[in-house]
Amino acid sequence: MLFDTHAHYDDNRFDSDRDELLSSMPANNVGLILNPAVDLESSRTVVSYAQKYPFLYAAVGIHPEDWNKNWKNDLLVIKELAQNEHKVRAIGEIGLDYYWEKDPEGRAVQQEVFRAQMALAEELLLPVIVHDRDAHADCLTITKEFSHVRGVYHCFAGSVEMARELLELGYYLSFTGVITFKNAKRALDVIREAPLERLMVETDAPYMAPEPYRGRRNSSLYVYRMAEAIAEVKGVAVSEVERITTENGKRLFQIA
Ligand SMILES: [Zn+2]
């Protein structure tokens, strides 16, 4: 059974067949899904999915590209959701995105929003799901400021050295379809170096469809491709990667 630890079913690309698709997952060997939110509205939506589907869990939070000027108030409501809904298992996705945000003032706000949510995770004893795009140094700095917080760097794109530091801090690393692309060398080096006990698989659906589905709408049905890619690098059976990455996700998100 596979655990897709990062998929966005609140995306409107699933509007036409969301229920049909999600309902088909257990029969297709996808036994668990974690759906992270990107803002307050999305946090409410993913909580409603978690209430509906027994195999789906939620993370609530504000994505670095999705803060608005009321973010502090939004965070108060997000905190309530996290406290009152037992299927909220993480704060996410949170972090920094310097690829889309070039303006120093915008980046400073992203850092403030990230820190506030790391503090929230620390207070609520929840793990975090970190989005780090072209912001490796600042993400690592802020991560280190919260030494009691654990979590996962999703779609990990940092160096082997950064991976070592995160593993030392107790973090997990998770990988998307990027590792099935031809130019994936850096991520594959990280996978080779990291213990299997600290890796997770994810689709980041509807984005990032793995080969041979690249360019299509992604869904958790394709998460097996990431397990295959990791198995190849590690030289172990796919079933072993499947079992261990699922255990890792259950451990981090406290799913029995
Ligand atoms: Zn995401």
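# Strands, pockets and unusual bonds in a predicted model

Both faces of strand S3 are covered in this predicted model. Leu56, Ala58 and Val60 are buried on one side, and Tyr57 and Ala59 are buried on the other.

Visitor: How many of the residues of S3 are buried?
Guide: Strand S3 spans residues 56-60 and is mostly covered. One side holds Leu56, Ala58 and Val60, the other Tyr57 and Ala59. The buried count is five of five.

Visitor: Which residue stands opposite alanine 58 in S3?
Guide: Start with the pairing. Strand S2 (residues 30-36) runs parallel to S3, and four bridges join them. Opposite alanine 58 stands asparagine 35.

Visitor: Which residue of S7 stands opposite valine 152?
Guide: Strand S6 (residues 151-153) pairs with S7 in the parallel sense, over two bridges. In S7, Leu173 and Phe175 point one way and Tyr172 and Ser174 the other, and all are buried. The residue opposite valine 152 is tyrosine 172.

Visitor: Which residues of helix H8 are buried?
Guide: H8 covers residues 224-234. Its buried residues are covered by elements including strand S1 (2-4), strand S7 (172-175), helix H7 (185-193), strand S8 (199-201) and helix H9 (238-252). The buried residues are Arg225, Met226, Ala227, Ala229, Ile230 and Ala231.

Visitor: What phi does glycine 235 take?
Guide: Glycine 235 comes just after H8. Its phi is positive, at about 70°.

Visitor: Why does cysteine 139 form no disulfide?
Guide: A disulfide needs two cysteine sulfur atoms within 2.5 Å. For cysteine 139, the closest cysteine sulfur is in cysteine 155, too far for a bond. The separation is 13 Å.

Visitor: How many disulfides does the structure hold?
Guide: Try it from cysteine 155. The closest cysteine sulfur to its own is in cysteine 139, 13 Å away, so a bond is ruled out for that pair. For the structure, the disulfide count is zero.

Visitor: Is cysteine 155 buried or exposed?
Guide: The cut-off for buried is under 20% relative accessible area. Cysteine 139, at 0%, counts as buried. Cysteine 155 has 18% relative accessibility, so the class is buried.

Visitor: What is the phi of cysteine 155?
Guide: Cysteine 155 lies in the loop between S6 and helix H6 (160-168). Most residues other than glycine have a negative phi. Cysteine 155 has a positive one, near 50°.

Visitor: Which residues are closest to the centre of the largest pocket?
Guide: This pocket has a volume of about 820 Å³. Its lining counts 30 residues. Closest to the centre are His131, Arg133, Cys155, Asp204 and Met208.

Visitor: Which element gives the most to the lining of the largest pocket?
Guide: Strand S4 (88-97), strand S5 (128-133) and H7 each supply at least two residues. By class, the lining divides into 12 nonpolar, seven polar and 11 charged residues. The top contributor gives three residues, and it is S5.

Visitor: Which elements give two or more residues to the lining of the second largest pocket?
Guide: About 200 Å³ of space lies in this pocket. Residues lining it include Ala121, Glu122, Tyr172, Arg251 and Leu252. The lining splits into seven nonpolar, two polar and three charged residues. The elements asked for are helix H4 (104-124) and H9.

Visitor: Is leucine 125 buried or exposed?
Guide: Leucine 125 is in the loop between H4 and S5, and is one of the residues lining the second largest pocket. Its phi is near 55°, a positive value in a residue other than glycine. Relative accessibility is 72%, so leucine 125 counts as exposed.

Visitor: How far apart in space are glycine 106 and valine 201?
Guide: Glycine 106 is found in helix H4 and counts as buried at 6% relative accessibility. Valine 201 is 95 residues away in sequence. C-alpha to C-alpha, the distance is 31 Å.

Visitor: What is omega for the peptide bond from glycine 92 to glutamate 93?
Guide: Most peptide bonds are trans. The one from glycine 92 to glutamate 93 is cis, and glutamate 93 lies in strand S4. Its omega is near 5°.

Visitor: Which residue does a cis peptide bond join to glutamate 211?
Guide: Omega for this bond is about 0°. The partner sits in the loop between S8 and H8. The residue is proline 212.

Notes:
Residues numbered from 1 in each chain as written. Predicted model: local features only at pLDDT ≥ 70, side-chain atom pairs only at ≥ 80, totals over all residues. Heavy atoms only, no water. Buried < 20%, exposed > 50% of the residue type's maximum accessible area, 1.4 Å probe, protein only. Contact = heavy atoms within 4.5 Å. 1 Å grid on protein atoms, 1.4 Å probe; cavity = no way out; pocket = protein on both sides within 12 Å on 5 of 7 lines; lining within 4 Å. Points joined across faces, edges and corners; volume = space filled by probe spheres on them. Nonpolar A, V, L, I, M, F, W, Y, C, P; charged D, E, K, R; others polar. Pairing = 2+ DSSP bridges.
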